[in-house]
Amino acid sequence: MKKLVIKSAYIIMAMTMVVGCKTIQNANNKQKGAVIGAGSGAAIGGIIGNNVGDGNNTVLGAILGAAIGGVAGGYIGDRMDRQAERIEEEIPGAEVSRVGEGINVTFNEDAGVYFETNKSAVQGTSRTTLNSMAKILKEYPKSNVLVEGHTDSAGPEDYNMNLSKQRATSVTNYLISQGIDRSRLETKWYGETQPVADNDTKEGKAKNRRVELAIVASEALKQEAKQKVKG
């Protein structure tokens, strides 16, 4: 059910630095959470995060850049497995990908969060989706969330940048209104600069109009993981 999505050659390169391909192929998700940075800890995670983040996938860069690796990373990966399962159970329309020590959740108009044309208000079924997301985040209080806004290429670039800001901010504020502490949330926006599909087609534009979440371990969870593996 759960997908472990490898979205960049940087991940493959880093994994090759740590263990052989056969080991990775045979690993479960918990073990894969420990792979990134297992040899050099957070250093490899940071390198991958910087390289990917400078490209077209900042949400992936955020997840990989937050990795601590090693056995402690496996501890975090186990908890992220459980959280990802809860998201899939509660929000079946969302695209949920387990990546390293984090989770990438994508919402578009076909998957959970929909905005009216040129609008940024959270309404209707989007509220239901985000209510479920807030409920799960309360169940896992030691995870933090990056909220990213993206648009298609219709309209001026500066307008799209501002629209993506408004939509991402609306999602963040709605989660806060549902009881999620502001300190757990970070908001970024990229307008039309990070398409995931062809903007020349109606279907592609629909996929590009999206909000993505990067769910990563908080410092408290990282410290807990390090303490647990010592024992």
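The exercises below work through salt bridges, cores and strand pairing in a predicted model.

**Exercise 1. The bridge between two helices**

Task: Find which residue forms a salt bridge with Glu 139, and state where the two partners lie.

Solution:
- Step 1. Look for the opposite charge. Side chains of opposite charge can pair when their charged atoms come close.
- Step 2. Name the partner. Glu 139 meets Arg 86 in a salt bridge, at 2.8 Å from N to O.
- Step 3. Place both ends. Glu 139 sits in helix 7 (residues 124–139), and Arg 86 sits in helix 6 (residues 70–90). The pair is 53 residues apart and links distant parts of the chain.
- Step 4. Check accessibility. Buried means under 20% relative accessible area. Arg 86 has 16%, so Arg 86 counts as buried. Glu 139 is partly exposed, at 37%.
- Step 5. Widen the view. Arg 86 and Glu 139 belong to a network of salt bridges that also takes in Glu 89 and Glu 90.
- Step 6. List the other neighbours. Leaving aside residues within four places in sequence, Arg 86 is in contact with Lys 135, Ile 136, Glu 139 and Tyr 140.

**Exercise 2. Two partners side by side in sequence**

Task: Decide whether each partner in the salt bridge of Arg 79 and Asp 78 is buried or partly exposed.

Solution:
- Step 1. Confirm the bridge. The side chains of Arg 79 and Asp 78 meet at 3.4 Å, N to O. The cut-off is 4 Å, so the pair qualifies.
- Step 2. Take Arg 79. Its relative accessible area is 23%, which makes Arg 79 partly exposed.
- Step 3. Take Asp 78. At 16%, Asp 78 counts as buried.
- Step 4. Set the pair in context. The count of salt bridges for the model comes to 12.

**Exercise 3. A bridge between loops**

Task: Work out which parts of the chain are tied together by the salt bridge between Arg 209 and Glu 109.

Solution:
- Step 1. Give the distance. The closest N and O atoms of Arg 209 and Glu 109 are 2.9 Å apart.
- Step 2. Locate the residues. Arg 209 lies in the loop between helix 9 (202–208) and strand 6 (210–217). Glu 109 lies in the loop between strand 3 (102–108) and helix 7.
- Step 3. Draw the conclusion. The partners are 100 residues apart in sequence, so the bridge ties those parts together.
- Step 4. Check accessibility. Arg 209 is partly exposed at 27%. Glu 109 is partly exposed at 30%.
- Step 5. Add the surroundings. Not counting residues up to four places away in sequence, Arg 209 touches Phe 107, Asn 108, Glu 109, His 150, Thr 151 and Asp 152.
- Step 6. Compare sequence with space. Arg 209 and Phe 115 are 94 residues apart in sequence, with their C-alpha atoms 8.9 Å apart.

**Exercise 4. The nonpolar cores**

Task: Find which residues have the most contacts inside the largest nonpolar core, and which elements supply it.

Solution:
- Step 1. Size the core. The largest nonpolar core has 35 residues.
- Step 2. Pick out the residues with the most contacts inside it. They are Ile 87, Phe 107, Met 133 and Leu 175.
- Step 3. Trace the sources. Helix 6, strand 3, helix 7, strand 4 (143–150), helix 8 (157–177), strand 6 and helix 10 (219–230) each supply at least two residues. Helix 6 gives the largest share, 6 residues.
- Step 4. Follow one residue. Beyond four places in sequence, Met 133 touches Ile 87, Ile 91, Phe 107, Leu 175, Leu 213 and Ile 215.
- Step 5. Look elsewhere. Apart from this core lies another, of 9 residues, among them Val 59, Leu 60, Ala 66 and Val 99.

**Exercise 5. Strand 4 and its partners**

Task: State which strands pair with strand 4, and in what sense.

Solution:
- Step 1. Take strand 6. Strand 4 and strand 6 run antiparallel, joined by 8 bridges. Gly 149 stands opposite Val 211 in strand 6.
- Step 2. Take strand 5 (residues 185–189). Strand 4 pairs with strand 5 in the parallel sense, over 5 bridges. Leu 146 has Glu 186 as its bridge partner in strand 5.
- Step 3. Follow the connection. The chain passes from strand 4 through helix 8 to strand 5, and this β-α-β crossover is right-handed.
- Step 4. Check burial. Of the 8 residues in strand 4, 7 are buried, so strand 4 is largely enclosed by the rest of the structure.

**Exercise 6. An annotated span**

Task: Find which residues the UniProt annotation "transmembrane region" covers, and describe residues 58–77.

Solution:
- Step 1. Read the record. The unreviewed UniProt entry places this annotation on residues 6–24, 33–52 and 58–77.
- Step 2. Turn to the model. Residues 58–77 are 80% helix and 0% strand. The end C-alpha atoms of this span lie 20 Å apart.

Methods
Residues are numbered from 1 along each chain as its sequence is written. This is a predicted model: local features need pLDDT of at least 70, side-chain atom pairs count only at pLDDT 80 or more; totals for chains, interfaces and linings use all residues. Side-chain values use heavy atoms; hydrogens and water are left out. Buried means under 20% relative accessible area, exposed over 50%, partly exposed in between (1.4 Å probe, protein chains only). Helices (H or I, at least four residues) and strands (E, at least two) are DSSP runs, numbered from the N terminus. A nonpolar core is a set of buried Ala, Val, Leu, Ile, Met, Phe, Trp, Tyr and Cys residues joined through side-chain atoms within 4.5 Å. Contact means heavy atoms within 4.5 Å. UniProt positions are given in the numbering used here, feature names are shortened, and annotations may be inferred rather than shown by experiment. Two strands pair if DSSP finds at least two bridges between them. A crossover is right-handed if, with the strands pointing away from the viewer, the path from the first strand over the helix to the second runs clockwise.
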